[in-house]
Amino acid sequence: MFEAMSLGLATAFQPAMLLAVLVGVTAGVFIGMLPGLTSTMGVALLIPVTFSFPPAVGLSLLGGIYLASTFSGSISAILLNIPGTPSAVATCQDGFPMTQQGKAGRAIGLAVYASSLGGIFSTLILLFMAPALSELSLMLGAPEYFLLALFGVTIIASLSEGDMLKSMMGGVLGLIISLVGMHPMTGEMRLTFGLPALYDGIPLVISLIGLYSIPEVISMLNTDDKAEQETRSSFTGALSSLRDVVAQKVNLIRSSIIGTIVGIIPGAGSSIASFIAYDSAKRASRQPQTFGKGSEEGLIAAESANNAVTGGSLVPLLTLGVPGNPVTAVLMGGLIIHGLAPGPALFENTPDIAYGFIFSLVLSNLIFIPIGLLVAKYCVKVILLPREILATTILALAIIGAFALRGQVGDVLMMLGIGIVGYLFTVFSVSRAPMVLGLVLGSMAESNLSRALMLVRGDTGELILQFLTRPFSIGLVLLCLLSIYLGFRKGKVAKSTAQ
């Protein structure tokens, strides 16, 4: 094993590999920043470019895009309150308030270093523990996936900013929107109102673009405070924030572990990981009242978990040939196109490529630190543009991003409609994060509940028995109950404090 690792390390430091990592990371940073251009889309678009490259070089290019685009969604989230990727929604909670306080540079620095360390942690787990963890992921079935989604729903209470009832209403609305379209098992149409554009449901990316872009556009056009723009465009403290990230080692390690575990579970995704890590950090914090108002703990938790998913999601792909999320599904296609078979044979037959790819991921996590900071340093100047130009540019990018996803005009109209809902949320001081969580978890919960019911032939009693007898199910049930209890206790404490 160690001989194969040394061979992979030598492969990773070949000039062609280093150049591929540099190009991939640079492209990934710009792809992730733009709303609508997801990591999946970036990797898929550039797979044809790798056809003429050696397999190791092509994979390192795609890996660099994957890691950098997963991080760089936080740049637009922090600077403009518009998440570039779905996983950056949790970053908006504290990243944008820091920018409003004139700490844009520090927020970017914290995000870059936390993402890098979280990504390196998960890549090292992939390197040394992949086979054991892949076997663990196979032990999870539809009941566990449903309970994981249910656990995510219980987090909504902790994301409430003030009125918990409003937050719960936002979460329920997100769950309802996730049900639009065809039932995953029966094919029955729900909430489509006879409109063909809604038959496939409302994609998460389109919802996020509308929910965050449109309210910001309206807000920019309604205000014109030049002094506030100058304050927000300050970019200082980025380099010195590394020691502050390392100082929060418990938060960093806990969030990285959460991100890695969630990444290993096929279909869970980085959005769920970042919210769970954010919730865990808030519960463990001595200053939970600062979350949502510029908490560095919250930002570090969300970003480290976000990028820790990347290494975790590659565990089932490289060891079992099972993609962990849409990006790794596209990467699997890239492996097959290059004549490689994902799974145990990959490490046995081509150890130089397998381990070379893993070590190139470590390099990618290191390289996006200077590139991310450099890009963000100049992007922050965008805030100084006249409000009309900035608002128009954001609106244009939102329309292009919504249309580019499936090439349908109906998607643009859906994005604008959800954008109006997002604006109403801001008017009535309702947090948008619970709605996003509902959107993310709704389809996951429904499809796995349907699958679990099919396995027990519709016997709900048998399903409940499985929840209470399967080891992982019991653990998730207890986590759900604990989360609900802590949510109610938080509500009582807040009520008694107000009195």
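Contact, in what follows, means heavy atoms within 4.5 Å. With that term settled, good morning; I will introduce this structure, which is a predicted model. Among the contacts in the protein chain with a separation of 6 or more, 78% come from residues 24 or more positions apart.

Allow me to begin with the overall picture. The protein chain contains 22 helices and 2 strands. It has 499 residues, and 57% of them count as buried. The chain exposes about 20300 Å², and carbon and sulfur atoms supply 70% of that area.

I turn now to the interior. Which residues touch the most other members of the largest nonpolar core? They are V29, V43, I75, L79, L314, L318 and Y355, out of 75 residues in that core. Helix α17, which covers residues 351-379, gives the most to this core, with 15 residues. A second core, separate from this one, has 47 residues, including Y145, I265, A302 and A433.

V43 serves as an example from the largest core. When neighbours within four places in sequence are left aside, V43 is in contact with L62, I65 and Y66, and also with V327, V330 and L331.

Next, let us consider charged side chains. As a general point, side chains of opposite charge can pair when their charged atoms come close. How many salt bridges does a search of the whole structure find? The search finds 4, and I will describe three pairs.

The first pair on my list is R106 and D244, whose side chains meet with an N to O distance of 2.9 Å. This salt bridge links distant parts of the chain: R106 belongs to helix α6, residues 104-138, and D244 to helix α11, residues 242-247, with their positions 138 residues apart. Is R106 buried or exposed? Its relative accessible area is 17%, under the 20% limit, so R106 is buried. D244 has a relative accessibility of 24%, and therefore counts as partly exposed.

R106 also forms a salt bridge with E296, where the closest N and O atoms are 2.6 Å apart. Here too the pair links distant parts of the chain, as R106 is in helix α6 and E296 is in helix α14, residues 296-320, 190 residues apart.

The next pair is R190 and E446, whose side chains meet in a salt bridge at 2.5 Å, N to O. R190 lies in strand β2, residues 189-190, whereas E446 lies in helix α20, residues 433-455; the two are 256 residues apart. R190 counts as buried, because its relative accessibility is 16%. E446 is buried as well, with a relative accessible area of 16%. Returning to the earlier pairs, salt bridges that share partners join R106, D244 and E296 into one network.

I would now like to look at helix α4 and the loop that follows. S74 is located in helix α4, which spans residues 55-80. With a relative accessibility of 1%, S74 counts as buried. What does the side chain of S74 reach at 2.7 Å? It is the backbone oxygen of F71. Not counting residues up to four places away in sequence, S74 touches A88, T91, A111 and E303.

N81 sits in the loop between α4 and α5, the latter being residues 89-100. As background, most residues other than glycine have a negative phi. N81 is not a glycine, yet its phi is positive, at about 65°. N81 is also buried, with a relative accessible area of 8%.

Finally, we come to the surface. L395, I399, F403, V409, L413 and L416 form a nonpolar patch there, and together they have about 490 Å² of accessible area. Which elements give two or more residues to this patch? They are α18, residues 387-406, and α19, residues 409-427. V409 lies in helix α19. Why does V409 count as exposed? The reason is its relative accessible area of 57%, as exposed means over 50%.

To close, I would recall two points. The largest nonpolar core holds 75 residues, with helix α17 giving the most to it. R106, D244 and E296 are joined into one network by salt bridges that share partners. Thank you for your attention.

Key:
Residues numbered from 1 in each chain as written. Predicted model: local features only at pLDDT ≥ 70, side-chain atom pairs only at ≥ 80, totals over all residues. Heavy atoms only, no water. Patch = residues over 30% accessible without salt bridge, like charges linked within 9 Å, V, L, I, M, F, W, Y side chains within 5 Å. Areas by Shrake-Rupley, 256 points an atom, 1.4 Å probe, with all protein chains shown as cover. Helix = DSSP H or I, 4+ residues; strand = E, 2+ residues; numbered from the N terminus. Buried < 20%, exposed > 50% of the residue type's maximum accessible area, 1.4 Å probe, protein only. Core = buried A, V, L, I, M, F, W, Y, C linked by side-chain atoms within 4.5 Å. Polar contact = N/O pair within 3.5 Å; in protein donor to acceptor, adjacent residues only side chain to side chain.
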